[in-house]
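Colleague: I'm new to this one and a bit lost. Please pick a single part and take me through it slowly, with its surroundings and the cut-offs behind each term.

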Amino acid sequence: MEVMIGMLLSSVLITGIVSLLSGSASAYRLQLSQGQLEESGRYARDVLVSYISQAGFQPRPWQEPTTFPALTNESLDSGSSAPDQLGLQRWSRYNCYGNENTVLDDDGQPAFFLLQSRFSVNTSSNLAITCRYGPDASQLITQMNGFGLVEDVDTMQVLYAEDRDGDEIADRWVKAQAWSDESNIRAIKVALLLSTRQPFDQAASERITLLDESIATPSDGHLRTVRSLTSTIRGRLK
């Protein structure tokens with residue numbers, strides 16, 4: 001009888017310990033996943049702001065007869081059904097890897113070459129960059145092709161601040177290629193929908209607003225969060 005009572009108490013104690021450990025493990029996984037979302041959002045923001053703010057840079061703009069575009073034709077609006085693309089360009093002494101150009105100019109300094117970059121969300125749900133570098137648009141060499149920067153990105157939406165009357169104040173937000181003049185774009189807004197790598201429950205599908213798009217998320221149990229950023233094109237500020 002004493003043995004049976006001891007076994008019963010032991011089983012209750014073990015069940016309690018297992019339940020406690022299971023709950024602690026679930027809480028830890030949740031906290032770790034939320035931390036990963038925050039870190040991914042911060043890293044994506046830092047990279048995108050760096051590229052957007054430098055877009056359109058040219059070393060001697062006073063010698064150029066026309067305005068150098070900050071945005072390329074790879075900036076595309078895909079609607080709410082697919083991620084947008086963001087295409088940027090600038091002149092730079094540094095290539096896609098951040099290394100100084102080995103070609104020197106007349107002053108013995110690294111020469112300015114054209115750097116074009118495209119940000120998109122690939123089929124593996126990674127925010128990816130394709131980067132090309134060369135003396136001009138006809139001699140670009142692809143140094144990065146769909147290189148993944150941030151994992152677990154469901155989609156990306158992009159809007160552009162256009163100043164149509166030249167008063168240095170944006171009049172409207174437009175989609176890619178919907179601007180009246182590319183040189184009037186003063187800032188870019190990007191929103192990313194990030195998800196956790198592991199599911200946590202069987203939550204029902206919900207609609208999430210991403211800039212001006214309403215997106216239905218799948219009922220897969222993954223936690224999701226929206227991270228947005230707005231960056232000016234610094235070379236166009238007066």
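**The helix and what surrounds it**

Modeller: Let's start with Leu32, which is partly exposed, its relative accessible area being 43%. Here buried means under 20% relative accessible area, exposed means over 50%, and partly exposed is in between, with a 1.4 Å probe and protein chains only. Before going on, keep in mind that this is a predicted model: local features need pLDDT of at least 70 and side-chain atom pairs count only at pLDDT 80 or more, while totals for chains, interfaces and linings use all residues. Numbering starts from 1 along each chain as its sequence is written, and side-chain values use heavy atoms, with hydrogens and water left out.

Leu32 belongs to helix α1, and that helix is our part. Helices (H or I, at least four residues) and strands (E, at least two) are DSSP runs, numbered from the N terminus. The protein has one helix and 10 strands, and along the sequence they follow the pattern α-β-β-β-β-β-β-β-β-β-β. Of its 238 residues, 37% are buried.

What does Leu32 come up against? Its C-alpha is 9.7 Å from that of Thr196 in space, though the two residues are 164 apart in sequence.

There is also a cavity to look at. On a 1 Å grid over the protein atoms alone, a cavity is a set of points where a 1.4 Å probe fits but cannot get out, while a pocket is an open set with protein on both sides within 12 Å along at least five of seven lines; lining residues have an atom within 4 Å of a point. Grid points are joined across faces, edges and corners, and the volume is the space filled by probe spheres set on the points. That rule gives one cavity of 30 Å³ or more. The largest cavity comes to about 80 Å³. It is lined by 10 residues, and those closest to its centre are Gln36, Leu37, Ser40, Asp152 and Ser195. Two elements, α1 and β7, give two or more residues to this lining, with α1 giving the most, four residues.

Now follow the helix to Tyr51. The structure has five aromatic pairs, where rings of Phe, Tyr and Trp (its six-membered ring) pair if their centres lie within 6.5 Å; planes under 30 degrees apart are stacked, over 60 edge-to-face, and the rest tilted. Tyr51 and Phe119 have ring centres 5.2 Å apart and planes at 80°, so this pair is edge-to-face. The two rings come from distant parts of the chain: Tyr51 is in helix α1 (residues 2–54) and Phe119 is in strand β2, 68 residues away. Tyr51 is buried at 14% relative accessible area, and Phe119 is buried at 0%.

Tyr51 has another partner as well. Arg90 lies over the face of its ring, 5.2 Å from the ring centre. The rule here is that NZ of Lys or CZ of Arg is within 6 Å of the ring centre and within 35 degrees of the ring normal.

So which strands are we meeting here? β1, β2, β3 and β4 make an open sheet of four strands, in that order and with antiparallel pairing. Its edge strands are β1 (86–92) and β4 (141–150), each paired on one side only. Neighbouring strands are turned by 20° against each other on average, direction ignored; the axes are lines fitted to C-alpha atoms, for helices over the stretch in contact, and angles run from 0 to 180 degrees between N-to-C directions. Two strands count as paired if DSSP finds at least two bridges between them. β1 and β2 (residues 113–121) run antiparallel and are joined by seven bridges. Across that pairing, Trp91 stands opposite Leu114 in β2.

Last, there is a pocket that brings helix and sheet together. The second largest pocket has a volume of about 180 Å³. Of its 14 lining residues, those closest to the centre are Gln54, Arg90, Ser92, Tyr94 and Leu115. The elements that give two or more residues to this lining are α1 and β1, and β1 gives the most, with three residues. Notice that Arg90 turns up again here among the residues closest to the pocket centre, having already appeared over the ring of Tyr51.
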